[in-house]
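Trainee: Please choose one small part of this model and examine it closely. I should then like to see how that part is set within the rest of the assembly.

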Amino acid sequence: MNRNLIFGLGLSCVVVLAALISFVWTPFDHTAMNIPAKLQTPNGTHWLGTDHFGRDIFSMIMVGARTSIAVALVAVGIGMGLGVPLGLAAAAKKGSLLDEGIMRANDLVFAFPSLVIAILITAIFGAGAINAIIAIGIFNIPVFARITRGAALSLWEREFILAAQVSGKGAARISAEHILPNVANLLIVQGTIQFSLGILAEAGLSYVGLGAQPPTPSWGRMLADAQTMVSFAPHLALIPGSAIVVTVLGLNLMGDGLRDWLDPKLRLAR
Amino acid sequence: MLRYALKRGLSLTISLAVASLVIFFVIEIAPGDPASFMLGINAEPDTVAALRTELGLDQSKLQRYLGWVGGMLTGDFGMSYTYRTPVAEMITDRMWVSLPLAIYALTLSTLIAFPAGIYAAARRGKPGDMAVMGATQLGVAVPNFWFAMILVLIFAINLRWFGAGGFAGWDEGFGPAMKSLTLPAIALALPQAAILARVMRSALLDILGEDFMRTARAKGLTRRQALWRHGLRNAMIPVLTIIGLQFSFLLAGAIIIEQVFFLPGLGRLVFQAISARDLIVVESVVMLLVFAVISVNFLVDLAYALVDPRLRSRT
């Protein structure tokens, strides 16, 4: 294992652990207001200080990790769950109407940045974490479809696929049994990257009010609340922002590390 | 080249047509009737009906779709439901903030990323390379709106070099207007520059291993000369792709950054429109953003063909 992978895995584990522990324990109730103790800077009682309602920031960050991870994870799940089969199908029927249709549809979805999808969805159904998940998820579909198709196309030229065809297996079975396991590494790496982009997107959407709504804590909304107070309570902005940076940095390093680790050829080529 | 451009142009038109259909019918699903929303719950049914006729809401979906598209082609985006002013006018006003911001940011990001990427590639594996790569790793992880808040904290609140937000307006002159766009543009540009620098570096490193680079060195060019004369042009393909992709992220990012700096751009327009259920404005702004993304990708495709003649014969 390389340094990037270990460091990235370490950072990611800390965040995931914080999110998991928050289900059973947080230093304070993250919704409990305590106005006399408002806007405290980090201290012995409130490790990361308190916000303008006197809520404990450390507890809010822990619970906020849950929101970020849940939204990004489900969004990547949607992207993989729909994108990978589409990519496999397009590669199996290369050049066919199906392939052409899937790829053009991909191009179309690509023209809608996730923020724009979120704006459309919110305009219709109103804001909420579910809509953020759908918006980021839809944006992920073409990413996975493209990368799967690209990798699968070169596999279809290989002898072992020819052998599978000669033995009488159909395109769907070959895709599932022989193509998919061979593109899995690539998908894991891309999944990590999309996961980190999902965390960033969720934060952005919550910041502009299109994501998780109160009382669900989210890092993006904490930043939106902090904005008017940044001049006299900068820690309100610095702490949630650092949480986002640490999470995304950890995931990106893990993605880089995984790519090198899973594909030694790439490490030599670079 | 002309045939290639025509072919790409046709696919651009089809994409735009399909995108407009999708946007129109997605907005159609939205619950609530704009006319009754505008008039409030106490409105008489015949007043609502009259307004529906005035807004053209009583026509069939197909008629309204064709009317909407036809209008946009002639620059008529319809009337805002809440402001009762032409949407085209509102969008044009806001465009004068969002578009310069996106271009300013793209320029900054390119100006930072190119030297950084070239520097890192030329010093591959040395401390300089590691420092640049470390900085880009951090740059990619920083959310631009948070970075914007940090910039405000440092340069507007503590140092007082810039205003914390708002837009001076172009009437005040080029200098003050650009000054109020500077912090937003930096906030937008740095994360993008980090990505671009990484792409630039790896594209150059790929090129450095090619046979024609060895030939260039063998005929007596120094490493630097070979890089400038033969390396850069060939490394431009992946770099152009990313610049094209980034433009859409910049436009979308600009919408968020405008919130941080209270800039009266398209982003604020669309968020106000969402909360006022002014769907015709939402529809038009979204269409415009999608149009921008699709057209930029079209231009990038054409730029490819100019940089690499081999691509003209394909697709």
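**A close look at one residue and its setting**

Mentor: Arg160(B) is exposed, because 9 other C-beta atoms lie within 10 Å of its own. A residue counts as exposed if 12 or fewer other C-beta atoms lie within 10 Å of its own, as buried if there are 20 or more, and as partly exposed in between, with C-beta atoms placed from the backbone. The model is predicted, so to be described a local feature needs pLDDT of at least 70 and a side-chain atom pair pLDDT 80 or more, while totals for chains, interfaces and linings use all residues. Residues are numbered from 1 along each chain as its sequence is written, and chains are lettered from A and ligands numbered from 1 in the order in which they are written.

The backbone of Arg160(B) deserves attention: its phi is positive, at about 60°, although the residue is not a glycine. Arg160(B) sits in the loop between H7 and H8 of chain B. Helices (H or I, at least four residues) and strands (E, at least two) are DSSP runs, numbered from the N terminus. A positive phi of about 60° is found at Arg84(B) too, which is not a glycine. Arg84(B) belongs to the loop between helix H4 (61–73) and helix H5 (87–122) of chain B. Arg84(B) is exposed because 8 other C-beta atoms lie within 10 Å.

The helices on either side of Arg160(B) come next. With a mean of 92, H7(B) is where confidence is highest in chain B, whereas helix H13 (residues 310–313) of chain B is where confidence is lowest, at a mean of 65. These values are pLDDT, the predictor's confidence in each residue, from 0 to 100. For chain B the mean pLDDT is 85, and 98% of its residues reach 70 or more. The model as a whole scores ipTM 0.87 and pTM 0.87.

On the other side of the loop, helix H8 (residues 174–208) of chain B includes Leu181(B). Leu181(B) is buried because 22 other C-beta atoms lie within 10 Å. Pro100(B), Leu101(B) and Tyr104(B) are in contact with Leu181(B), leaving aside its neighbours within four places in sequence. Two residues are in contact if their C-beta atoms, placed from the backbone, lie within 7 Å. Ala122(B), 59 residues from Leu181(B) along the chain, has its C-alpha atom 33 Å from that of Leu181(B).

Chain B itself holds 13 helices and zero strands. Its C-alpha trace spans about 85 × 55 × 35 Å along its principal axes, and 36% of its 315 residues count as buried. Of the contacts in chain B between residues at least 6 apart in sequence, 69% join residues at least 24 apart. Domain 1 (31–73) and domain 2 (90–263) divide chain B, their bounds coming from an automatic or database domain assignment. The C-alpha centres of these two domains lie 44 Å apart.

How many residues of chain B are in contact with chain A? There are 36, and they meet 29 residues of chain A. Helix H7 (144–158) is among the elements that give two or more residues to this side of chain B, as are helix H6 (127–141) and helix H12 (279–307). That side is made up of 32 nonpolar, four polar and no charged residues. Here Ala, Val, Leu, Ile, Met, Phe, Trp, Tyr, Cys and Pro count as nonpolar, Asp, Glu, Lys and Arg as charged, and the others, Gly among them, as polar.

The largest nonpolar core has 158 residues, of which Ile119(A) and Ala148(B) touch the most other members. Such a core is a set of buried Ala, Val, Leu, Ile, Met, Phe, Trp, Tyr and Cys residues joined through C-beta atoms within 7 Å. Helix H2 (residues 57–92) of chain A gives the most to this core, with 19 residues. Of the 36 residues of H2(A), 26 are buried. Not counting residues up to four places away in sequence, Ile119(A) touches Leu210(A) and, across the chains, Val270(B), Ile274(B), Val282(B) and Val286(B).

Chain A, the partner, comprises ten helices and zero strands, and 48% of its 270 residues are buried.
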